[in-house]
Amino acid sequence: MGKTKKVILFIVEGITDKTALGTVLDAILSNEKIHFAITEGDITTKDDVNASNVIRRINEIVKFTQERYHFKASDLLEIVHLIDTDGAFIPNTAVINNAEATHIQYTLQNIQTDDIEKIVERNQKKLGLVKLLRSKTEINKKPYKMFYFSR
């Protein structure tokens with residue numbers, strides 16, 4: 001019987017992340033199994049996620065994916081969390097009012113929105129959770145790495 005491949009779990013926000021990265025990662029990491037956990041949105045901006053429960057939520061995602069793909073905790077090699085920055089690292093003054101905006105508009109100079117307070121609040125929450133998570137090297141005794149996409 002052959003040796004079981006170790007699993008690298010990629011936590012991503014949506015199906016487009018999985019689609020864009022799946023084939024490439026499978027080819028690059030051919031010695032390991034790749035599984036994706038899709039969080040259906042940004043875990044760092046979800047209303048029910050905060051600094052006191054974000055690690056537990058990541059553990060829940062890992063456990064759910066483990067059950068879905070039928071692999072043991074001992075098969076899990078590492079957790080790779082891919083995030084978007086969504087402009088969270090810009091100064092609050094770069095979030096400007098655009099009353100005609102039907103959705104958030106990102107430009108090279110600013111974020112335009114019809115609700116400045118909401119975006120500033122979202123950015124502060126995301127910034128705090130990203131700083132917390134990037135300080136982690138392990139989650140539940142498994143290596144954890146966070147990478148981000150940005151403009």
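Helices here are DSSP runs of H or I with at least four residues, numbered from the N terminus, and K125 is found in one of them, helix α3. The model you are looking at is predicted. Around that helix there is plenty to explore: an open sheet of five strands, an open sheet of three strands, and a nonpolar core of 20 residues. Here is a friendly tour, by topic.

**K125 and its surroundings**
- K125 has a relative accessible area of 26%, and because the partly exposed class runs from 20% to 50%, K125 counts as partly exposed.
- Setting aside neighbours within four places in sequence, K125 is in contact with T44, T45, K46, D47 and V49.
- N50 is 75 residues away from K125 along the chain, yet 7.9 Å separates their C-alpha atoms.

**The three-strand sheet**
- Reading across this open sheet, the order is β4-β6-β5, and the pairing is mixed.
- The edge positions belong to β4 (95-97) and β5 (105-106); each has a single partner strand, so one side of each has no neighbour in the sheet.
- β5 pairs with β6 (residues 111-113) in the antiparallel sense, over two bridges.
- Looking for a specific pair to check? Y106 has I111 of β6 as its bridge partner.
- Helix α3, spanning residues 116-134, lies across β4, β5 and β6, and runs at about 165° to β4.

**The five-strand sheet**
- This second open sheet also has mixed pairing, with the strands ordered β2-β1-β3-β8-β7.
- At its edges stand β2 (33-38) and β7 (138-139), each with a single partner strand, so one side of each is left without a neighbour in the sheet.
- β1 and β3 run parallel and are joined by five bridges; within this part of the sheet, I11 stands opposite H81 in β3.
- Helix α1 (residues 15-28) packs on the sheet and touches β1, β2, β3 and β8, with its direction at about 175° to that of β2.
- Helix α2 packs on the sheet as well, touching β1, β2, β3, β7 and β8, and its direction makes about 125° with that of β2.

**Where α2 meets α3**
- These two helices pack with their axes 11 Å apart and at an angle of about 70°; α2 and α3 are therefore roughly perpendicular to each other.
- From α2, the contact is made by V54, I55 and I58, while α3 brings L129, L132 and L133.
- Sorted by class, the contact of α2 with α3 has six nonpolar residues, no polar ones and no charged ones.

**Nonpolar cores**
- The largest nonpolar core has 20 residues, and those with the most contacts inside it are I11, I58, L76, I79 and Y144.
- Two or more residues come from each of β1 (7-12), α2 (54-69), β3 (76-84), α3 and β8 (142-149).
- Which element gives the most to this core? It is α2, with four residues.
- I79, one of the residues with the most contacts inside the core, is in contact with L9, I11, V62, I139, K142, P143, Y144 and K145, leaving aside its neighbours within four places in sequence.
- Another core, of nine residues, lies apart from the largest one; among its members are I8, L21, F36 and V80.

Note on methods. Residues numbered from 1 in each chain as written. Predicted model: local features only at pLDDT ≥ 70, side-chain atom pairs only at ≥ 80, totals over all residues. Heavy atoms only, no water. Pairing = 2+ DSSP bridges. Contact = heavy atoms within 4.5 Å. Axes fitted to C-alpha atoms, helices over the stretch in contact; angles between N-to-C directions. Core = buried A, V, L, I, M, F, W, Y, C linked by side-chain atoms within 4.5 Å. Buried < 20%, exposed > 50% of the residue type's maximum accessible area, 1.4 Å probe, protein only. Parallel < 35°, antiparallel > 145°, perpendicular 65-115°, else oblique. Nonpolar A, V, L, I, M, F, W, Y, C, P; charged D, E, K, R; others polar.
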